[in-house]
Amino acid sequence: MDAGPNKVQSRSPLQERVRQRKCSGENLDRFIPNRSAMDFDYAHYMLTEGKKGKENPVAACSPSREAYQKKLAEAFNMNRTRILAFKNKPPTLIDPIPKEFFSSSVHQSKPAKPRRHIPQSSERTLDAPELVDDFYLNLLDWGNSNVLAIALSNTVYLWDASNGSTSELVTIDDEDGPVTSVSWAPDGRHMAIGLNNSHVQIWDSTANQQLRTLRGCHRSRVDSLAWNNHILTTGGMDGKIINNDVRVREHIVETYRGHQQEVCGLKWSASGQQLASGGNDNLLFIWDRSMASSNSPTQWLHRLEDHTAAVKALAWCPFQGNLLASGGGGGDQCIKFWNTHTGACLNSVNTGSQVCSLLWSKHERELLSSHGFTQNQLTLWKYPSMVKMAELTGHTSRVLFMAQSPDGNTVASAAGDETLRFWNVFGSPEVAKPAPKANPEPFAHLSRIR
């Protein structure tokens with residue numbers, strides 16, 4: 001049934017109608033062509049006081065008085081002669097800085113990029129009951145097949161980001177658990193699961209099948225895992241770092257000895273040539289694959305002692321291969337940047353709280369850190385200035401783990417408050433405009449005269 005002419009419509013159509021009228025430019029009146037362009041105070045003055053002034057001019061007006069009235073009229077914009085306005089005047093363009101201050105080369109530079117909007121709240125929150133609140137573990141990873149893995153006590157769950165479905169991959173027996181680390185292989189299908197009993201299981205997530213168990217690597221729990229093609233590197237509470245070739249029966253191919261305490265951070269560089277390891281002994285090591293030896297413990301490339309607390313947070317820079325960011329625990333609270341070729345510390349920033357995890361943006365020169373007491377926040381930094389771009393709050397306990405979606409847009413964070421939150425912090429990359437086609441040769445369609 002159609003609405004009658006006097007019936008009040010819903011709010012949405014009414015708003016649309018207001019916008020339509022505003023955009024049409026038709027704001028006309030029977031007597032005043034365009035009310036929006038009118039200055040009614042000035043019009044009233046000109047029709048009353050201004051008219052009196054013209055009809056009753058001062059007989060003897062001194063030059064100084066005339067000059068004063070002229071300045072006053074200019075100040076109050078009273079030198080206009082028209083009262084009615086039939087159309088809006090275009091706004092006057094004002095250059096706030098004179099052009100002579102710039103050289104011609106500056107005028108040709110690219111315009112400044114608009115500031116990206118960074119949502120201050122998480123876009124989705126999921127329950128994560130029985131998440132082990134342990135700084136030294138690594139219980140969250142986002143694979144290249146867009147599936148997020150999270151370990152909750154003895155069980156590893158998979159959350160498919162493409163459709164939001166959840167499935168259970170495996171539940172470990174109580175005597176072997178809890179799960180202490182998870183890591184997706186580069187193919188996004190196979191997963192390594194480190195256990196409290198020192199074993200590492202390799203699973204095929206598509207077939208939901210366990211492929212093998214790696215034994216004999218460590219004497220106690222396996223806290224950290226890192227893949228380098230078919231090599232799975234494991235770090236344990238015993239301080240050892242083991243390279244395992246998952247294709248062969250005798251899987252231990254190299255052993256890295258340097259840490260005296262628990263190895264809680266492991267990250268391979270994008271080239272697969274260098275490995276960064278952090279431990280509860282406050283040490284950061286850089287290992288080079290070319291120096292690896294199967295016969296004797298491998299010597300490290302750099303042994304870095306600058307941190308004053310456990311080093312768990314590690315992140316290799318995606319746009320500079322030899323740049324590594326590391327974060328220290330509660331007694332250190334610093335993010336440090338390293339040239340891994342020389343071992344030099346390039347910068348150190350005190351964040352004011354425990355640094356639990358670090359992630360580089362894949363699109364911009366930005367770094368995201370997650371923290372503990374007191375704010376339990378995620379902080380986005382601009383690199384290399386290390387100016388804070390945003391602080392994201394919502395977690396009520398330390399944000400132990402972070403993982404990045406394959407497209408680089410979304411970050412998942414898991415905290416001791418037993419929640420898993422998703423943040424659209426890095427945003428979508430700018431789509432590069434296609435290069436303009438070269439102008440064809442003029443008159444190419446005409447035959448040439450030889």
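This is a guided tour of a predicted model, with suggestions on what to select at each stop.

**Start with the whole chain**

Show the cartoon first. The protein has five helices and 28 strands, so there will be plenty of arrows on the screen. Now colour by burial: 43% of the 450 residues count as buried. If you switch on a surface, you are looking at about 26400 Å² of exposed area, with 51% of that supplied by carbon and sulfur atoms. For a feel of how the chain folds back on itself, take the contacts between residues at least 6 apart in sequence: 47% of them link residues at least 24 apart.

**Stop 1: an open sheet**

Select residues 311-316 and 344-350. These are β18 and β21, the edge strands of a sheet, and each of them pairs on one side only. The sheet is open and has four strands, in the order β18-β19-β20-β21, with antiparallel pairing. Turn the view along the sheet to see the twist, which averages 20° from one strand to the next.

Next, pick out the pair β19 (residues 323-328) and β20 (residues 334-339). Five bridges join these antiparallel strands. For one example to zoom in on, select Gly327 together with Ile335, its bridge partner in β20.

**Stop 2: the cysteines**

Select the cysteines and show their sulfur atoms. How many disulfides does the structure hold? The number is zero. Cys345 is a good place to see this. Its closest cysteine sulfur is that of Cys334, 9.1 Å away, which is too far for a bond, because a disulfide needs the two sulfur atoms within 2.5 Å. Cys345 is partly exposed, at 33% relative accessibility. Compare Cys264, which counts as buried because its relative accessibility is 0%.

**Stop 3: a hairpin**

Move along to residues 378-382 and 387-392. These are β24 and β25, an antiparallel pair joined by five bridges. Within this pair, select Leu380 and look across to Ala390, its bridge partner in β25. Then follow the chain around the turn: four residues lie between the strands of the hairpin, and Met386 takes a positive phi near 60° there.

**Stop 4: the loop before the hairpin**

Step back to the loop between β23 (366-371) and β24 and select Phe373. Is this side chain's residue buried or exposed? At 67% relative accessibility, Phe373 is classed as exposed, because the cut-off for that label is over 50%. Show its surroundings: apart from residues up to four places away in sequence, Phe373 touches Ser353 and Gln354. You can also draw a distance from Phe373 to Thr396. The two are 23 residues apart in sequence, and their C-alpha atoms are 9.3 Å apart.

Keep Phe373 selected and add Thr374, which lies in the loop between β23 and β24. The peptide bond joining Phe373 and Thr374 is cis, with omega about 15°.

**Stop 5: another cis peptide**

Now select Gly177 and Pro178. A cis peptide bond joins them as well, with an omega of about 5°. Pro178 belongs to the loop between β5 (165-171) and β6 (179-184).

**Stop 6: two positive phi values**

Select Ser198 and Asn229. Ser198 sits in the loop between β7 (190-195) and β8 (200-204), and its phi is positive, near 85°, in a residue other than glycine. Asn229 is in the loop between β10 (222-228) and β11 (231-236). Asn229 is not a glycine either, yet has a positive phi of about 60°.

Which of these is buried and which is exposed? Ser198 is buried, with a relative accessible area of 9%, whereas Asn229 counts as exposed at 57%.

**Last stop: Thr410**

Finish in the loop between β26 (399-404) and β27 (411-415), where you will find Thr410. Thr410 counts as buried because its relative accessibility is 14%, and the cut-off for buried is under 20%. To see what surrounds it, show the residues in contact with Thr410, leaving aside neighbours within four places in sequence. They are Glu123, Trp142, Ala403, Gln404, Ser405, Phe422 and Trp423.

How values were computed. Residues are numbered from 1 along each chain as its sequence is written. This is a predicted model: local features need pLDDT of at least 70, side-chain atom pairs count only at pLDDT 80 or more; totals for chains, interfaces and linings use all residues. Side-chain values use heavy atoms; hydrogens and water are left out. Two strands pair if DSSP finds at least two bridges between them. Buried means under 20% relative accessible area, exposed over 50%, partly exposed in between (1.4 Å probe, protein chains only). Contact means heavy atoms within 4.5 Å. Accessible areas come from the Shrake-Rupley method with a 1.4 Å probe; for residues, only the protein chains shown count as cover. Axes are lines fitted to C-alpha atoms, for helices over the stretch in contact, and angles run from 0 to 180 degrees between N-to-C directions.
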